[in-house]
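Me: I have a structure here that is new to me. Can you walk me through it?

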Amino acid sequence: MDGERIVLGSGYLYIDEFDSKTKTIPTNEEIEKDENLLGLIQGGAEIAYKPSYYEAKDDMGKVSKSILTEEESTMKSGIMTWCGKTLEKLCETARVTEDTTNKIRTVKIGGVGNATGKKYVIHFVHKDEVDGDIRVTIVGNNQAGFSFAFAKDKETVIDVEFKAAPQDKEGTLILYEEEMVDTTTTSAGASNTGA
């Protein structure tokens with residue numbers, strides 16, 4: 001029986017350029033490749049959805065009506081394993097050049113005229129062999145900027161926040177997929193129904 005699950009642990013964060021002409025989200029098999037791994041993450045991932053409503057009501061509080069006026073969704077994470085090429089996917093003004101002779105990668109960041117306008121498919125995968133995998137996909141880009149610190153006693157993690165854009169004609173901001181598995185018994189034979 002498919003039931004409620006307890007979600008424990010982090011996952012993997014993949015990124016690939018979004019084709020704005022076809023507006024097609026890649027299949028899980030297409031995007032979940034090593035070359036699309038943004039980096040191993042620290043601190044998990046956080047997906048947020050925030051609706052805004054307009055409420056009209058009379059002065060006496062006897063009648064009211066509200067309507068949904070806008071929606072916003074973000075995905076936040078901390079990228080722990082990264083290189084200069086990672087920054088190109090986190091900043092639309094970043095330009096990467098590589099000098100293979102001297103083995104130097106140079107990243108230039110900034111200059112509004114260098115903005116590419118690119119959107120990306122950002123795909124988070126939480127693996128769970130017992131309850132089934134969960135996948136969350138958005139289309140957007142990092143609009144919150146980034147910072148990284150080089151400290152003597154801590155790893156350098158880039159905290160990013162991707163802002164979701166509509167990914168289809170329906171205006172979908174978040175695509176959430178979960179595997180539906182039989183949760184009446186676990187591999188140990190214990191009940192896993194949440195009761």
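What follows is a chat about this predicted model.

Me: Start with disulfides. How many are there?
Reply: A search of the whole structure turns up 0 disulfides.

Me: What is a disulfide, in general?
Reply: It is a covalent bond that joins the sulfur atoms of two cysteines.

Me: And how far is Cys83 from the nearest cysteine sulfur?
Reply: The nearest one belongs to Cys91, and it is 15 Å away. A disulfide needs the two sulfur atoms within 2.5 Å, so the pair does not count as one.

Me: Is Cys91 buried or exposed?
Reply: Cys91 is buried, with a relative accessible area of 14%. Cys83 counts as partly exposed, at 30% relative accessibility.

Me: New topic, salt bridges. How many does the structure hold?
Reply: There are 8 salt bridges in the structure. One of them joins the side chains of Lys76 and Glu161, at 3.8 Å from N to O.

Me: Where do Lys76 and Glu161 sit in the chain?
Reply: Lys76 is in strand S4, residues 64-79, and Glu161 is in strand S9, residues 158-165. They are 85 residues apart, so this salt bridge links distant parts of the chain.

Me: How accessible is Lys76?
Reply: Lys76 is partly exposed, at 34% relative accessibility. Its partner Glu161 is also partly exposed, with a relative accessible area of 26%.

Me: What does Glu98 form a salt bridge with?
Reply: Glu98 pairs with Arg105, and their closest N and O atoms are 2.8 Å apart. Glu98 is partly exposed with a relative accessible area of 45%, and Arg105 is partly exposed with 38%.

Me: And which residue forms a salt bridge with Lys154?
Reply: That is Glu155, with the closest N and O atoms 3.8 Å apart. Lys154 has a relative accessible area of 49% and is partly exposed. Glu155 counts as partly exposed too, at 38% relative accessibility.

Me: Which residues are joined into one network by salt bridges that share partners?
Reply: Glu32, Arg135 and Glu179 are joined that way.

Me: Back to S4 and S9. In what sense do they pair?
Reply: S4 and S9 pair in the antiparallel sense, over 6 bridges. Within S9, Phe162 stands opposite Met75.

Me: What about S8 and S9, over how many bridges do they pair?
Reply: Strand S8, residues 134-142, pairs with S9 over 4 bridges, again in the antiparallel sense. Here the bridge partner of Asn142 is Phe162 in S9.

Me: Phe162 came up twice. Which residues touch the most other members in the largest nonpolar core?
Reply: The largest nonpolar core has 19 residues, and Phe162 is among those that touch the most other members. The others in that group are Leu13, Leu38, Met75, Ile79, Leu90 and Ile122.

Me: Which elements supply at least two residues of this core?
Reply: Strand S1 (12-17), S4, helix H2 (84-90), strand S7 (120-126), S8 and S9 each do.

Me: Which one gives the most?
Reply: S9 does, with 4 residues of this core.

Me: Now the surface. Which residues form a nonpolar patch there?
Reply: Tyr49, Tyr53 and Leu68 form one, and together they have about 340 Å² of accessible area. Tyr49 is in strand S3, residues 41-57. With a relative accessible area of 41%, Tyr49 is partly exposed.

Me: Where is Lys57 found?
Reply: Lys57 is found in strand S3 as well. At 60% relative accessibility, Lys57 counts as exposed.

Me: How far apart are Lys57 and Asn36?
Reply: They are 21 residues apart in sequence, and their C-alpha atoms are 50 Å apart in space.

Me: Last one. Where does Gly171 lie?
Reply: Gly171 lies in the loop between S9 and strand S10, which covers 175-178. Gly171 is partly exposed, with a relative accessible area of 27%.

Me: And how far is Gly171 from Val139?
Reply: The two are 32 residues apart in sequence and 11 Å apart in space, C-alpha to C-alpha.

Methods. Residues are numbered from 1 along each chain as its sequence is written. This is a predicted model: local features need pLDDT of at least 70, side-chain atom pairs count only at pLDDT 80 or more; totals for chains, interfaces and linings use all residues. Side-chain values use heavy atoms; hydrogens and water are left out. Buried means under 20% relative accessible area, exposed over 50%, partly exposed in between (1.4 Å probe, protein chains only). A salt bridge is a side-chain nitrogen of Lys or Arg within 4 Å of a carboxyl oxygen of Asp or Glu. Patches are made of residues with over 30% relative accessible area and no salt bridge: like charges are joined within 9 Å, nonpolar side chains (Val, Leu, Ile, Met, Phe, Trp, Tyr) within 5 Å. Accessible areas come from the Shrake-Rupley method with a 1.4 Å probe; for residues, only the protein chains shown count as cover. Two strands pair if DSSP finds at least two bridges between them. A nonpolar core is a set of buried Ala, Val, Leu, Ile, Met, Phe, Trp, Tyr and Cys residues joined through side-chain atoms within 4.5 Å.
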